[in-house]
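Okay, thanks for coming, everyone. I'd like to walk you through one structure today, so have a look at the sequence and the model before I start talking.

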Amino acid sequence: ESKLRGEKALLNFRDLFPVTIVRPPFVYGPKDKAVFKMVQTVARNFMPVLYGAGSDGHKYYSAIHAKDLCRGIVQAAVASLQKVPSGEIFYLAGDGMHTYHDLMTTIAERLNCDPLRISVPNFAIQAAAAGLTAVGFVARKTFPLNMDKLKELMPDYWICSNQKAKTMLGFAPEFDFSSGIANAITWYKKQRWL
């Protein structure tokens, strides 16, 4: 919500100076602590399985490696006004979309492990998020699962297209999810996070 308000405020000035907005989806890579929690969970041989509400039971995501995101941000920042008029909005994402199952399975493959898969019903996630949010409020601490993070976990679709960025910026992601998460895991291991 705050990011959207920031975008709206910034767009009010697009005629005074060049404004370009980038919107990334699920970001992962070295130093990222949020996705690290997912990797760490799988590394401990536990894979929570979430299901979508649709007929196929999947949740769908777009994702981008942090390095690709940084490259795309620079491309957006230095693009000429002739090429990219002020006020343009770009989604910077890797190619394709991924199911939650694909993401978690790829993490397990790159860790070379076969974790125990545990189905987690939506009501359990909601209850845990509410409980951890309350504890966090009292303890003045933010937990990886909270009511705000719940808003990201519950929808079945967090997808976007990078086509506009490819066409107007020449954006070309270097990493697919498999190579990107392998890069992140290598960094986590070097830093002894895993």
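First, a bit of vocabulary: two strands count as paired if DSSP finds at least two bridges between them. Helices (H or I, at least four residues) and strands (E, at least two) are DSSP runs, numbered from the N terminus. Now the small print: this is a predicted model, where local features need pLDDT of at least 70 and side-chain atom pairs count only at pLDDT 80 or more, while totals for chains, interfaces and linings use all residues. Residues are numbered from 1 along each chain as its sequence is written, and side-chain values use heavy atoms, with hydrogens and water left out.

Right, strands. Start with β1, residues 20-23, which is joined to β6 by four bridges, the two running parallel. Within that pair, Val22 sits opposite Phe90 of β6. Strand β6 itself covers residues 88-91, and its two faces are worth a look: Glu88 and Phe90 are on the covered face, Ile89 and Tyr91 on the uncovered one. As background, in a regular strand the side chains alternate between the two faces of the sheet.

Next, an open sheet made of three strands, in the order β7-β4-β9, with mixed pairing. Its edge strands are β7 (98-99) and β9 (157-158), each pairing on one side only. Strand β4, residues 60-61, pairs with β7 in the antiparallel sense over two bridges. There you can find Tyr61 opposite His98 in β7.

While we're around here, where does His58 lie? In the loop between β3 (46-49) and β4. His58 is partly exposed, because its relative accessible area is 29% (buried means under 20%, exposed over 50%, partly exposed in between, with a 1.4 Å probe and protein chains only). Leaving out residues up to four places away in sequence, His58 touches Gly52, Thr99, His101 and Asp156, where contact means heavy atoms within 4.5 Å. Take Asp156: it and His58 are 98 residues apart in sequence, but C-alpha to C-alpha they are 7.0 Å apart in space.

On to the helices, and let's use α4, residues 100-111, as our guide. Its axis and that of α8 (residues 177-190) come within 10 Å and cross at roughly 50 degrees. Axes here are lines fitted to C-alpha atoms, for helices over the stretch in contact, and angles run from 0 to 180 degrees between N-to-C directions. So α4 is oblique to α8; under 35 degrees would count as roughly parallel, over 145 as roughly antiparallel, 65 to 115 as roughly perpendicular, and the rest as oblique. By class, the contact of α4 with α8 has seven nonpolar, three polar and one charged residues. For those classes, Ala, Val, Leu, Ile, Met, Phe, Trp, Tyr, Cys and Pro count as nonpolar, Asp, Glu, Lys and Arg as charged, and the others, Gly among them, as polar.

One residue to pick out there is Thr106, which lies in helix α4. Is Thr106 buried or exposed? It's buried, with a relative accessible area of 14%. Not counting residues up to four places away in sequence, Thr106 touches Phe177, Ser178 and Ile181.

Last stop: the axes of α2 (residues 33-43) and α4 also come within 10 Å, crossing at roughly 60 degrees. That makes α2 oblique to α4. Met38, Val39, Val42 and Ala43 of α2 make the contact with Met104, Ile107, Ala108 and Leu111 of α4. By class, that contact has eight nonpolar, no polar and no charged residues.
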